[in-house]
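This briefing walks through selected features of one protein chain, grouped by topic, for a reader who wants to check each point against the coordinates.

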Amino acid sequence: PLIGSAKEKLSQFCHVPVENILNIHDVPNIWHVPLILRNQKAHEAIIKQLNLSRSAGPPELRDWTLMAESYDNLSTSVKIALVGKYTNLSDSYLSVVKALLHASVACSQKPSIQWVSASDLEDATAASAPDAHTKAWETLKGSSCILIPGGFGDRGISGMILAAKYARENKVPYLGICLGMQISVIEMSRHVLGLGNADSEEFNTDTPDCVVMYMPEVSKTHLGNTMRLGCRRTFFRKPDCLTSKLYGNPPHVDERHRHRYEVNPSFVPMLENAGLQFVGCDESGNRMEIVELQDHPFYIGVQFHPEFKSRPRKPSPPFTGLILAATERMRTLTNVSNGDAGASE
């Protein structure tokens, strides 16, 4: 924190009243920042400057204070394997990291993200870089849950498919987001349905088993302004599904999207017969939005990006479910009575 003489000097050189010079010093976690501003009466300076003293009251930060202080006192952590393409630049997944933080704290856990480069899981890496391959698999197997986020391009896809296969076969809690959902469809098609050439049109335009296809209504030659973007409505095809319970049993949810490819509806019946249930779809009923695997503690894929709407005091339901499953506390959510909107908090 600044000492008084430093504040006075800043006031003289910057023509700012001393009482309006605030300390934003290091804190245990970023959620303390609004609290140190409150303690320095920043809200009073703002109210005075905007002449709002008659209509504005003191900030309501009791719940926020509890959240900030409780995080400091957390003693247990949950290991989350984040399998992606851009793990050397973690800011690429900043929204996902923050959503994991929100969900973990809501479950009284500190998130311990284990970065796994998808390429390091691939068989080719076992020959070219055996140490990296061994370390990647040790990290994956040592984690309590697995998350595959969104992305574009074919790099690391084989590794992601192997990670999804490991999660499916070993009952490890799994959350696939956008590409991660499509990966689960490809993996099931190859290893359960026996469609060895199953692939996404994004990676192989000539595959005879195109289980993930380019959205039919958009141009295949122009990348600009061709994604399905923004908040879209997803309807639950099966109201008693786990994802519906995570959201508090509503008839639909509104989540943000960012994708060009979608599950090929022609393969949906085959996949459902194999146990991969498509429990959410768009208003047409043809665009699949949510998948769940039968006979698995937690295996969910969503075409949308739930991390975009996650907030510190309102964690994203799919992320909360992943952490609950990873800490073997899923019963606390699935036993909640129908319509309890606070189930995800």
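A residue is called buried here when its relative accessible area is under 20%, exposed when it is over 50%, and partly exposed in between. By that cut-off Asp199 is buried, because its relative accessible area is 10%. The model is a predicted one, and the points below take up one helix, a set of salt bridges, a small sheet and one annotated region.

**Helix α7**

- Helix α7 runs over residues 130-141, and because twelve residues at 1.5 Å a residue should span 16 Å, the 16 Å found between its end C-alpha atoms agrees with expectation.
- The buried residues of this helix are His133, Ala136, Trp137, Thr139 and Leu140, and since they cover an arc of only 160° around the axis, they lie on the same side of α7.
- The face turned away from that buried side carries the exposed residues Asp131, Lys135, Glu138 and Lys141.
- Among the elements that cover the buried residues of α7 are the strands β1 (77-84), β2 (110-117) and β3 (145-148), together with the helices α6 (123-128) and α8 (157-169).
- As a general point, an α-helix has 3.6 residues a turn, so residues three or four places apart point the same way.

**Salt bridges**

- The count of salt bridges comes to ten, and three of the pairs are described here, including one that links distant parts of the chain.
- Arg313 forms a salt bridge with Asp63, with the closest N and O atoms 3.1 Å apart; Arg313 sits in the loop between β12 (299-302) and α12 (317-326), whereas Asp63 belongs to helix α4 (residues 62-72), 250 residues apart from it.
- Both partners of that pair count as partly exposed, Arg313 because its relative accessibility is 46% and Asp63 because its relative accessibility is 41%.
- Glu169 and Lys165 also meet through their side chains in a salt bridge, at 3.0 Å from N to O, and both lie in helix α8, four residues apart, or about one turn of the helix.
- Glu169, at 45% relative accessibility, counts as partly exposed, and Lys165, at 23%, counts as partly exposed as well.
- Asp199 forms a salt bridge with Arg190, the closest N and O atoms being 3.4 Å apart; the aspartate is buried at 10% relative accessible area, while Arg190, at 24% relative accessibility, counts as partly exposed.
- Elsewhere, salt bridges that share partners join Lys165, Arg168, Glu169 and Glu187 into one network.

**The sheet that contains β5**

- Three strands form an open sheet in the order β5-β6-β9, and their pairing is mixed.
- The edge strands of this sheet are β5 (199-200) and β9 (261-263), each of which pairs on one side only.
- β5 pairs with strand β6 (residues 210-214) in the parallel sense over two bridges, and within this sheet Asp199 stands opposite Cys210 in β6.
- Asp199 therefore appears under two topics, as a buried residue and as the salt-bridge partner of Arg190, as well as standing opposite Cys210.

**Annotated region**

- According to UniProt, in an unreviewed entry, residues 5-52 are listed as "domain: CTP synthase N-terminal".
- Over residues 5-52 the chain is 52% helix and 0% strand, and the end C-alpha atoms are 30 Å apart.

Notes. Residues numbered from 1 in each chain as written. Predicted model: local features only at pLDDT ≥ 70, side-chain atom pairs only at ≥ 80, totals over all residues. Heavy atoms only, no water. Expected span 1.5 Å × (residues − 1). Buried < 20%, exposed > 50% of the residue type's maximum accessible area, 1.4 Å probe, protein only. Arc of directions from axis to C-beta. Contact = heavy atoms within 4.5 Å. UniProt positions renumbered as here; feature names shortened; annotations may be inferred. Salt bridge = Lys/Arg side-chain N within 4 Å of Asp/Glu carboxyl O. Pairing = 2+ DSSP bridges.
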